[in-house]
Amino acid sequence: MTKWSRFNIVSVALGFAFLYLPIVLLVVFSFNESRLVTVWAGFSIKWYVSLFNNQGLMDAAWVTIRVALLSATIATVLGTMAALSLVRFTRFRGRMLFSGMVYAPLVMPEVITGLSLLLLFVAIGFDRGFWTVTLAHITLTMCFVAVVVQSRLLSFDRSVEEAALDLGATPLRTFIEVTLPIIAPAVFSGWVLAFTLSLDDLVIASFTSGPGATTLPMKIYSQVRLGVTPEINAACTLLIALVAVGVIIASIVTKRRELQRQRDEHAAFAGT
């Protein structure tokens with residue numbers, strides 16, 4: 001067992017403090033009585049009440065949630081299909097091109113992706129709005145889902161599928177009743193990741209949004225340029241809480257699935 005030196009402990013502590021202390025301060029000052037975001041004047045939830053009475057922020061939040069839910073769901077379906085194609089069909093014409101197109105958004109700067117999509121929507125005469133932001137977020141998040149699901153499929157035991165096929169199950173039924181339940185934690189994790197990325201995106205949404213499709217990050221950024229208000233702290237705190245709950249749920253689901261898989265394997269070995 002490696003013994004940590006005092007220098008390593010201090011370095012890690014400073015690193016975590018640099019990353020998380022600003023978030024902690026943001027959450028704390030969202031409950032501040034004072035309108036000054038840097039002066040503590042007592043505990044209060046009035047800025048959360050003010051936030052829910054701010055129609056502009058509420059409309060932007062509703063647009064953001066709708067875009068995130070829809071884009072994450074479609075991206076999860078397409079990303080899972082892309083991962084299955086890359087893992088199960090290793091030899092087909094254009095595989096290299098297909099793989100590059102799937103993974104391109106991972107390494108492409110968001111400014112280039114947003115500008116490219118903007119030029120595409122303008123060229124085809126597609127009015128910018130809710131659907132253009134949704135399509136842009138699907139393009140951005142699909143590759144992340146594909147990576148997560150592909151990593152699970154690479155360690156997948158194909159013998160369980162072969163057993164189901166030998167017992168007379170069709171390929172579609174085998175996928176639905178055997179493959180999908182096993183890779184479900186990875187699929188769900190991919191969905192949570194896609195939802196979080198869509199919820200957080202500012203750059204691509206700024207290029208592809210239109211009238212009536214202002215997302216919450218865009219609204220917050222436009223207001224922060226004029227000064228940070230306690231309402232912004234409250235909105236960011238709620239976003240942090242939403243993402244944290246999603247991550248916790250994904251971790252619990254993944255852990256339970258893994259424990260169930262281990263119990264099933266032990267039961268199968270005991271039966272044989």
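These are my notebook entries on a predicted model of a single chain.

**Entry 1: the overall fold**

I started with the secondary structure, and the chain comes to 11 helices and 0 strands. Reading along the sequence, I wrote the pattern down as α-α-α-α-α-α-α-α-α-α-α. Next I looked up the extent of the C-alpha trace, which spans about 70 × 60 × 35 Å along its principal axes.

**Entry 2: contacts and burial**

How many of the contacts between residues at least 6 apart in sequence join residues at least 24 apart? I found 71% of them doing so. The chain has 272 residues, and buried ones make up 33% of these.

**Entry 3: surface and charge**

I noted an exposed area of about 16,700 Å² for the chain, with 70% of that supplied by carbon and sulfur atoms. For charge, I have 20 positive and 15 negative side chains on my page. The centres of these two sets lie 5 Å apart.

**Entry 4: the annotated spans**

I then turned to the UniProt record, an unreviewed entry, for "transmembrane region". The record lists residues 7–31, 67–89, 101–124, 130–149, 178–199 and 232–253 under that name. I checked two of these spans against the model.

- Residues 130–149 are 100% helix and 0% strand, and I have their end C-alpha atoms 28 Å apart.
- Residues 232–253 also come out as 100% helix and 0% strand, with 32 Å between the end C-alpha atoms.

**Entry 5: cysteines**

I looked for disulfides and the structure holds 0 of them. Are Cys143 and Cys236 buried or exposed? Cys143 has a relative accessible area of 0%, so I put it down as buried. Cys236 is at 17%, and I count it as buried too because the cut-off is under 20% relative accessible area. Cys143 falls in the annotated span 130–149, and Cys236 in the span 232–253.

**Entry 6: Thr237**

My last stop was Thr237, which I placed in helix α11, residues 230–271. The UniProt span 232–253 takes in this residue as well. Why do I call Thr237 buried? Its relative accessible area is 9%, and buried means under 20%, so Thr237 qualifies.

Which residues does Thr237 touch, leaving out those up to four places away in sequence? I listed Leu26, Val27, Ser30 and Tyr48. Of these partners, Leu26, Val27 and Ser30 belong to the annotated span 7–31. So that I remember the place: Thr237 of helix α11 is a buried residue at 9%, and its partners include Tyr48.

How values were computed
Residues are numbered from 1 along each chain as its sequence is written. This is a predicted model: local features need pLDDT of at least 70, side-chain atom pairs count only at pLDDT 80 or more; totals for chains, interfaces and linings use all residues. Side-chain values use heavy atoms; hydrogens and water are left out. UniProt positions are given in the numbering used here, feature names are shortened, and annotations may be inferred rather than shown by experiment. Helices (H or I, at least four residues) and strands (E, at least two) are DSSP runs, numbered from the N terminus. A disulfide is a pair of cysteine sulfur atoms within 2.5 Å. Buried means under 20% relative accessible area, exposed over 50%, partly exposed in between (1.4 Å probe, protein chains only). Contact means heavy atoms within 4.5 Å. Accessible areas come from the Shrake-Rupley method with a 1.4 Å probe; for residues, only the protein chains shown count as cover. Lys and Arg count as positive and Asp and Glu as negative; His and the chain ends are not counted. The place of a charge is taken as NZ of Lys, CZ of Arg, CG of Asp or CD of Glu.
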